[in-house]
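Visitor: I am new to this structure and would like to be led through it step by step. Could you show it to me, so that I can put my questions to you?

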Amino acid sequence: MRILIVEDEAALAEQLARHLRDVGYVVDCAVDGEEGLYYGREYDYDAAVIDIGLPKIDGIEVIRRLRDDERRFPVLILTARGHWQDKVSGLESGADDYLTKPFHMEELTARLNALVRRAAGYASPIIEEGELSLDTAKKEVRVSGEAVELTAFEYKVLEYLMLNPSRVVSKSELTEHLYEQDYDRDSNVIEVFVGRLRKKLDPVKAIKTVRGQGYRFVTAS
Ligand code: CA
């Protein structure tokens, strides 16, 4: 999952980025509204965290312009304590949730996870498809009730496919959403990971290869 952070307070931005990377997200940081808008238009994110008070273009305007451009990823805004009007304007401009500074990183992560999940159409943190169950909060996978040991990257691949069911996800989309930008992207590596993942999930056969295009997570129903 790729997250955009737009925050001008360098220390907070760094703390946010570090925390989100620790829990498995890929993170891009923008330091002002202009850069945030550029990133948000240029790349496909799974969610964004946008500070309201930003240099150049304020957060409200950034969200409004992104929504005008049909960018639909969930947005969580950060507001200063006491500025309740910012929450209202933020939500009215197209944000999905808010947090007031200062906040606990765990709360931010929980809210982001919920936003990403709900954007994919899931209300519960546990996604079940036939014999397969994925706990997005605990990052645990089970097949027929038995825990399956996945590496962090294998988990990310499975989670991304399960949160984008019934459509073809290309290898380049997987690398864009699951690797940091400076990582050496090689689509053969993705094939290796998917191969291992399939073996571990056996007998579940939910990850189909669509020749020349990518992968599709096939739901049980
Ligand atoms: Ca600020």
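Visitor: In this predicted model, are F153 and Y179 buried or exposed?
Guide: The model is a predicted one, and in it the relative accessibility of F153 comes to 13%. Since buried means under 20% relative accessible area, F153 counts as buried. Y179 falls into that class too, and the answer for both F153 and Y179 is buried.

Visitor: How are the rings of F153 and Y179 arranged, stacked or edge-to-face?
Guide: F153 belongs to helix α6, while Y179 sits in the loop between α7 (171-178) and α8 (187-201), so that the pair links distant parts of the chain, 26 residues apart. Their ring centres are 5.0 Å apart and their planes stand at 20°. Planes under 30 degrees apart count as stacked, and therefore the pair of F153 and Y179 is stacked.

Visitor: What kind of pair do the rings of F153 and F193 make?
Guide: Here F153 in helix α6 is linked with F193 in helix α8, 40 residues away along the chain, and F193, at 18% relative accessibility, counts as buried. The ring centres of F153 and F193 lie 4.5 Å apart, with the planes at 50°. Stacked pairs need planes under 30 degrees apart and edge-to-face pairs over 60, so the pair of F153 and F193 is tilted.

Visitor: On which sheet strands does helix α6 pack?
Guide: The sheet is an open one of 4 strands in the order β6-β7-β8-β9, with antiparallel pairing, and its twist averages 25° from one strand to the next. Helix α6, residues 152-163, packs on this sheet with its direction at about 105° to that of β7. The strands that α6 touches are β6, β7 and β8.

Visitor: Which strands stand at the edges of the sheet?
Guide: β6 is joined to β7 by 4 bridges, β7 pairs with β8 over 4 bridges, and β8 pairs with β9 over 3 bridges. A strand with a single partner has one side left without a neighbour in the sheet, and this holds for β6 (126-129) and β9 (146-148). The edge strands are therefore β6 and β9.

Visitor: Which residue takes a positive phi in the hairpin of β7 and β8?
Guide: Within the paired strands, L134 has V141 in β8 as its bridge partner, and the hairpin has 4 residues between the strands. The residue with a positive phi near 60° in this hairpin also lies over the face of Y25, at 6.0 Å from the ring centre. That residue is K139.

Visitor: Which residues of the protein are donors to the calcium ion?
Guide: The donors follow the spacing D-x42-D-x1-G along the chain, and they lie 2.2 to 2.3 Å from the ion. D8 is in the loop between β1 (2-6) and α1 (10-22) and D51 is in strand β3 (residues 47-51), so the pair ties together parts that are 43 residues apart in sequence. With the backbone-named atom O of the glycine and the OD atoms of the two aspartates, the donors are D8, D51 and G53.

Visitor: Is D51 buried or exposed?
Guide: D8, another donor of the calcium ion, is partly exposed, with a relative accessible area of 34%. For D51 the relative accessibility is 4%, and because the limit for buried is under 20%, D51 counts as buried.

Methods. Residues are numbered from 1 along each chain as its sequence is written. This is a predicted model: local features need pLDDT of at least 70, side-chain atom pairs count only at pLDDT 80 or more; totals for chains, interfaces and linings use all residues. Side-chain values use heavy atoms; hydrogens and water are left out. Two strands pair if DSSP finds at least two bridges between them. Helices (H or I, at least four residues) and strands (E, at least two) are DSSP runs, numbered from the N terminus. Axes are lines fitted to C-alpha atoms, for helices over the stretch in contact, and angles run from 0 to 180 degrees between N-to-C directions. Contact means heavy atoms within 4.5 Å. Rings of Phe, Tyr and Trp (its six-membered ring) pair if their centres lie within 6.5 Å; planes under 30 degrees apart count as stacked, over 60 as edge-to-face and the rest as tilted. Buried means under 20% relative accessible area, exposed over 50%, partly exposed in between (1.4 Å probe, protein chains only). A charge sits over a ring if NZ of Lys or CZ of Arg is within 6 Å of the ring centre and within 35 degrees of the ring normal. Donors are N, O and S atoms within 2.8 Å of the metal (3.2 Å for Na, K and Ca); water is not among the atoms, so sites may look incomplete.
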